[in-house]
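User: I'm new to this and would like a close look at a single part of this structure. Could you pick one strand and walk me through its surroundings?

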Amino acid sequence: MMMEIQPEPFLTFPESWHRHHLLDLESLSADELMTILNTAAAFKSETQGFRRKLTALQGKTCANLFFENSTRTRNSFSLAARRLGGDTIEFTSAGSSIAKGETYIDTARNIEAMTADIMVVRHSTPGTPLRLSKHVDCCVINAGDGPHEHPTQGLLDIMTIWEHRGSLEGLTVALVGDIAYSRTARSNIWGLKKLGAHVIVCGPATLVSRYWEDFGVEVVYSLDKILPRCDVLNLLRIQFERQHTRPFPSVREYALLFAMNRERLARAKEDILIMAPGPINRGVEITPDVADGKHSVILDQVTNGVAVRMAVLWLVSGARDRKESSR
Amino acid sequence: MMMEIQPEPFLTFPESWHRHHLLDLESLSADELMTILNTAAAFKSETQGFRRKLTALQGKTCANLFFENSTRTRNSFSLAARRLGGDTIEFTSAGSSIAKGETYIDTARNIEAMTADIMVVRHSTPGTPLRLSKHVDCCVINAGDGPHEHPTQGLLDIMTIWEHRGSLEGLTVALVGDIAYSRTARSNIWGLKKLGAHVIVCGPATLVSRYWEDFGVEVVYSLDKILPRCDVLNLLRIQFERQHTRPFPSVREYALLFAMNRERLARAKEDILIMAPGPINRGVEITPDVADGKHSVILDQVTNGVAVRMAVLWLVSGARDRKESSR
Amino acid sequence: MMMEIQPEPFLTFPESWHRHHLLDLESLSADELMTILNTAAAFKSETQGFRRKLTALQGKTCANLFFENSTRTRNSFSLAARRLGGDTIEFTSAGSSIAKGETYIDTARNIEAMTADIMVVRHSTPGTPLRLSKHVDCCVINAGDGPHEHPTQGLLDIMTIWEHRGSLEGLTVALVGDIAYSRTARSNIWGLKKLGAHVIVCGPATLVSRYWEDFGVEVVYSLDKILPRCDVLNLLRIQFERQHTRPFPSVREYALLFAMNRERLARAKEDILIMAPGPINRGVEITPDVADGKHSVILDQVTNGVAVRMAVLWLVSGARDRKESSR
């Protein structure tokens, strides 16, 4: 009556990995980052081609607990879990018990009690996943906590560069656009720095803070000035829906100064990588010809998102299993 | 091309179980209740620990047909079905064909025709699952029909007491709070009485009817009066969202008279069990220190919810299969 | 660590099938239609009875990309995919990235990049699935594009007639009601004609165009006139929610002239088949006694919907696999 689980994995669990949670990239070591990237690459090559379904999470349940809406990230995590043979449950704040006066910690503990093994959490308040990780026994993965961090987005961006260049060491990576409100920027900065890249943040002064200089990040307000020496441009979305004041006079002006277009591409390095976390605003941060052009690795980012999430799900739940079995 | 289904179950199907539907606890015998509890306990011990995925519902489809919204109960049923290897489909009234003028019986018959084997139904009208069971061939499970019954909630409450005490016989169980509007109360009362418990219903006179005395239930309007002799307190949620009139002067007054807090706990039996069907209103029917304290078995209830639903799904669909194969 | 996939299929892949997409029935040959019907019948008989779960889509992902809402068609596709062992992801326009300014082609390419193998698309604009099929590598299935086509609905209607009569050749099939706005009517007309049926479209002049006469379809404005010679009546839903003008004076008048009721049934052929794509408006296009009577095959249509969709999912993805492996 039981499905047979084949004993030999195509991948041995990395001895050096001990984390039950993935809350940020800031606290990860370069070794831990590389463990995730190597695992993700192994999963990616294993599931493509034959498109085989794995069983690493067989019998485990991954709960998506999204207090902020997100179809894309939620689907990516969900797909990653199911491709590893896991079950998923979806919990969104709309229509949930939150509306009936429940605290989010009670919601999380309830979901855990339904025997969830991993909880993927998105919340508008920074630190929510960290706080939850202290109230539940299951693994917690941060899927974005306000403007703080979005570690799997950082990882998929870094994996995409690593895949195309073999190493991050010595590369110049510019994050362009909305740095102030962007958890993606923060996760990228921590991860890229640890792996030896030189990071530039670039955008209108209202969206880019000099604060980052204290962490060895270069802060520049002109895209044209840095363009010739960038190996990678990561064009962050202007999150119109998050802004209540106008950080720049007009979209047209923003595009004039910061959009990546054919003319700017001509002045960039010949092998420059153009990245953008979706959904992209065509004509705002990127023109269609560049988005669809040969330098663009935007869709690789999406594919790597599933691979990175498979890796993280497997690593955190594996670390927890090993700890439990050693008790 | 077929997935192998291992022939030997870890559990033999109970010969005495013949029901294709679970519509209420009122009509179940004590033996049938114990069959469900024993099956649930077997599933619980089998799926925890190794967290193995079972195949009892392999190839079967369980449809959640919720005309009233519920994330929690829906997820619990869904998880139970998938942990048994079944597929699930979700049907909620929002955005469904109901809005296009279809009757709920037509909706149900359509879902059945998609070859659903089991239908889990929640509806605001008492008797809807019973009525549906006469119009479809598939198994019907009541997941709450207005103020009538919510049998799996009753079962998970009873299972939690049974797990902690070994038997229901002779225990004094008080249901506190909103008895009038509560299908949970009704299912608990029928189940507890059949298994030999003494049941007290307790709350403001506006929410507790003397009607229950006809069924051997004790009706008391003061929590303090019954506290010293209770083995179990089940603190029902005040369903603010269901009430159009005010059944008591203020939440503060309700909490003063009926909330379980540290001071009341000191006057209770030393081994009292504190239960509450979530989501709990902290500070209304229960204070945080009691909800999180050593007497609380609130999260056990949630875990047992999945086990009880696995048992019910397996029993009803197994009874139907046996009948079909004996034709 | 891998789930074993049994090598021998119960069905060999039809050599003559080469399409990666199913966009309409207009461009299909009679042979291709019969390939789908035969495959669907094989899947239907294989999954009923033993209700075994198949593995034809094991490791593949089917994305439901519904820009127009539909619980029923979406669930039918989703169930079909999972019954073949595939994974599913759901993408609805509400709450998705569309609202963040993304084009639908970018949305589709993103979903594909998550390694979706098949995309099931519904959109209010005719031609959207065709246009998408030119921008993605994965298989595209049209699940309804405005008033243009809804090929799997056409196929399930045709399969239902074929099952009951053995052949379409020479049968007289009338489509009654809202022909003008109906993609179901269009898909039916193309499919039925190719398989040798005589097709009549019948309804109020405001909803039925003489245009169809150019394609060998008989256009009649009176149901009573054609009733005695019809083998099949397919009673299309009056889509009240799509109409901004009133195509007829009143629902009562429509029912008087076009509803199928007991009295009309008495004047029809003895073995007439009564069909209706749900959700039905009881008392408008059909009376309850006829909907639930012995001539009605309405629920067979629903069951065949899952079978037809299993067939289409398997055929398009199989054709794509064969092409890739022959590269």
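Analyst: Let's zoom in on one strand and its neighbours. A quick heads-up first: this is a predicted model, where local features need pLDDT of at least 70, side-chain atom pairs count only at pLDDT 80 or more, and totals for chains, interfaces and linings use all residues. As for labels, residues are numbered from 1 along each chain as its sequence is written, while chains are lettered from A and ligands numbered from 1 in the order in which they are written.

Our pick is strand E6 of chain C, residues 198-202. Helices (H or I, at least four residues) and strands (E, at least two) are DSSP runs, numbered from the N terminus. In E6(C), 4 of the 5 residues are buried, so the strand is largely enclosed by the rest of the structure. Buried means that 20 or more other C-beta atoms, placed from the backbone, lie within 10 Å of the residue's own.

Now for the partners; two strands pair if DSSP finds at least two bridges between them. Strand E5 of chain C (residues 172-176) pairs with E6(C) in the parallel sense, over 5 bridges. One of the bridge partners in E6(C) is C:Val201, which goes with C:Leu175. Add helix H6 of chain C (residues 183-194), and E5(C), H6(C) and E6(C) make a right-handed β-α-β unit. Right-handed means that, with the strands pointing away from the viewer, the path from the first strand over the helix to the second runs clockwise.

E6(C) also runs parallel to strand E7 of chain C (residues 218-220), joined by 3 bridges. There, C:Cys202 stands opposite C:Val220 of E7(C).

Technical notes: Buried ≥ 20, exposed ≤ 12 C-beta atoms within 10 Å, placed from the backbone.
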